[in-house]
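Hi,

Here is the structure I promised to pass on. Have a look at it first, and then read my notes below.

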Amino acid sequence: MRMKYKALVEAAKKAKEFSFSPYSHFRVGAAVLTKDGKIFTGTNIENSSYSLTICAERTALFKAISEGERQFTAIALATDEIGFTSPCGSCRQVIIDLAGNIDVILTSSNGATKIMKSKTLIPLAFGDKNLKKTKKK
Ligand code: THU
């Protein structure tokens with residue numbers, strides 16, 4: 001694994017420590033890597049009105065975008081599980097939409113990693129290309 005990806009995985013693991021998950025007790029950390037090498041982290045934040053929960057991946061991406069970042073190369077994901085956890089459907093859509101076909105680094109709590117492309121996780125995704133047709137001239 002690339003040196004930078006090791007740092008990204010470490011950042012995702014650290015972010016997991018801040019998880020606010022009193023309902024599921026399922027801790028998730030995420031870290032996105034910008035094209036120019038910056039790392040932004042996020043964790044899952046649950047809500048007593050369960051559906052308002054936000055996942056770690058979206059927290060990380062939204063944080064980066066709200067700080068002016070627009071170009072990304074990878075996102076790493078960490079949980080306490082031994083099996084690989086992959087992003088939920090909503091996060092897959094947000095990742096492909098806001099970051100494009102980037103590397104998605106899945107991790108195991110035993111140290112193993114698996115790299116996938118976001119397009120593999122969400123083939124035929126809806127995108128801005130679908131909206132252009134309706135754009136007013
Ligand atoms: N969760 C994430 O943060 N990312 C995922 O990819 C899957 C699920 C969170 C949402 C919720 O707080 C908890 O994990 C259990 O679903």
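Two strands count as paired here if DSSP finds at least two bridges between them. Keep in mind that this is a predicted model.

With that in hand, start at strands 4 and 5. Strand 4 covers residues 103-107 and runs antiparallel to strand 5, with five bridges joining the two. If you want one pair to click on, take Val104, whose bridge partner in strand 5 is Met116.

Zooming out, these strands belong to an open sheet of five, ordered 2-1-3-4-5, and the pairing is mixed. Strand 2 (39-43) and strand 5 (113-117) are the edges, each pairing on one side only. From one strand to the next, the twist averages 20°.

Now the helices. Helix 2 (residues 56-65) lies across strand 1 (28-34), strand 2 and strand 3 (72-79), and it runs at about 140° to strand 2. Helix 3 (residues 89-99) has Cys91, Val94, Ile95, Ile96 and Ala99 as its buried residues. Those buried residues pack against helix 2, strand 3 and helix 4 (118-121). Right after helix 3 comes Gly100, with a positive phi near 80°.

What about the inside? Nonpolar side chains tend to be buried together in soluble globular proteins. In this model, the largest nonpolar core has 18 residues, and Val32, Leu61, Phe72, Ile75 and Ile102 have the most contacts inside it. Strand 1, helix 2, strand 3, helix 3 and strand 4 each supply at least two residues of this core, with helix 2 giving the most, at four residues. There is also a second, separate core of 11 residues, which includes Leu8, Ala12, Leu33 and Ile105.

Ile75 is a good residue to centre your view on: among the residues it touches are Leu8, Val32, Ile95, Ile102 and Ile105. Of these, Val32 and Ile102 are listed with Ile75 in the largest core, while Leu8 and Ile105 belong to the second one.

One last residue: is Thr79, in strand 3, buried or exposed? Buried means under 20% relative accessible area. Thr79 has 5% relative accessibility, so it counts as buried. Its side chain reaches the backbone nitrogen of Glu81 at 3.0 Å. Leaving out residues up to four places away in sequence, Thr79 touches Lys16, Phe26, Arg27, Val28, Thr85, Thr107 and Ser109.

Cheers

Methods
Residues numbered from 1 in each chain as written. Predicted model: local features only at pLDDT ≥ 70, side-chain atom pairs only at ≥ 80, totals over all residues. Heavy atoms only, no water. Axes fitted to C-alpha atoms, helices over the stretch in contact; angles between N-to-C directions. Contact = heavy atoms within 4.5 Å. Buried < 20%, exposed > 50% of the residue type's maximum accessible area, 1.4 Å probe, protein only. Polar contact = N/O pair within 3.5 Å; in protein donor to acceptor, adjacent residues only side chain to side chain. Core = buried A, V, L, I, M, F, W, Y, C linked by side-chain atoms within 4.5 Å.
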